[in-house]
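Student: I should like a close look at a single part of this model. Please describe how its elements are arranged and which residues take part.

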Amino acid sequence: MAKPRISDAVGGEAVRRALATVADRDTEATAVRYLLQVLADAAPGNSVEVRVPPFGAVQCIEGPGHTRGTPPNVVETDALTWLAIATGGDTWQHAIEHGRISASGSRADLASLLPVIWDPAGTGE
């Protein structure tokens, strides 16, 4: 069964609200999940798992996948860091250098995929 998708309108609004203010937990969760969804759409595959606990995780990037246990390529960060790097408020390299991202595995470098391209107006275009 496929996961429910977050629409561009709902996701874009959640991201805008999360970036503009200290968002409530539900808004922050929606924003994180939406930007993870956008990343997975832009780089389909299952060789890297991107985790943003406690809100979500996706598998992305083409290559060898895994079926059991911890995947060989894992990226993990907190929600505020994910929102920043996914929207261009911070860079992958800066967040890595400051220990705000844990990345393991030869494919676990998302620098070329960030920031993600999302629809800030929520128009679906």
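Tutor: In this predicted model, strand β1 (residues 48-52) and strand β2 (residues 56-60) form an antiparallel pair with five bridges. The link from β1 to β2 is a hairpin of three residues. Within this pairing, V50 has V58 of β2 as its bridge partner.

The helical part can be set beside this. Two packed helices are described by the angle between their axes and the distance between the axes. Here the axes of helix α1 (residues 8-20) and helix α2 (residues 25-42) approach within 8 Å, and they cross at roughly 120°. Because angles of 65 to 115 degrees count as roughly perpendicular and those over 145 as roughly antiparallel, α1 is oblique to α2. The crossing of these two helices is left-handed.

The contact itself can be followed residue by residue. On the side of α1, the participants are D8, V10, G11, G12, A14, V15, R17 and A18. From α2, they are met by T27, T30, A31, Y34 and L35. Sorted by class, the contact of α1 with α2 comprises seven nonpolar, four polar and two charged residues.

A further residue of α1 deserves separate mention. A9 lies in this helix, and its relative accessible area is 42%. Since buried means under 20% and exposed means over 50%, A9 is classed as partly exposed. A9 can also be placed relative to L110: the two are 101 residues apart in sequence, and their C-alpha atoms are 25 Å apart in space.

Methods. Residues numbered from 1 in each chain as written. Predicted model: local features only at pLDDT ≥ 70, side-chain atom pairs only at ≥ 80, totals over all residues. Heavy atoms only, no water. Axes fitted to C-alpha atoms, helices over the stretch in contact; angles between N-to-C directions. Helix = DSSP H or I, 4+ residues; strand = E, 2+ residues; numbered from the N terminus. Parallel < 35°, antiparallel > 145°, perpendicular 65-115°, else oblique. Left-handed = near helix turned anticlockwise from the far one by under 90°. Contact = heavy atoms within 4.5 Å. Nonpolar A, V, L, I, M, F, W, Y, C, P; charged D, E, K, R; others polar. Pairing = 2+ DSSP bridges. Buried < 20%, exposed > 50% of the residue type's maximum accessible area, 1.4 Å probe, protein only.
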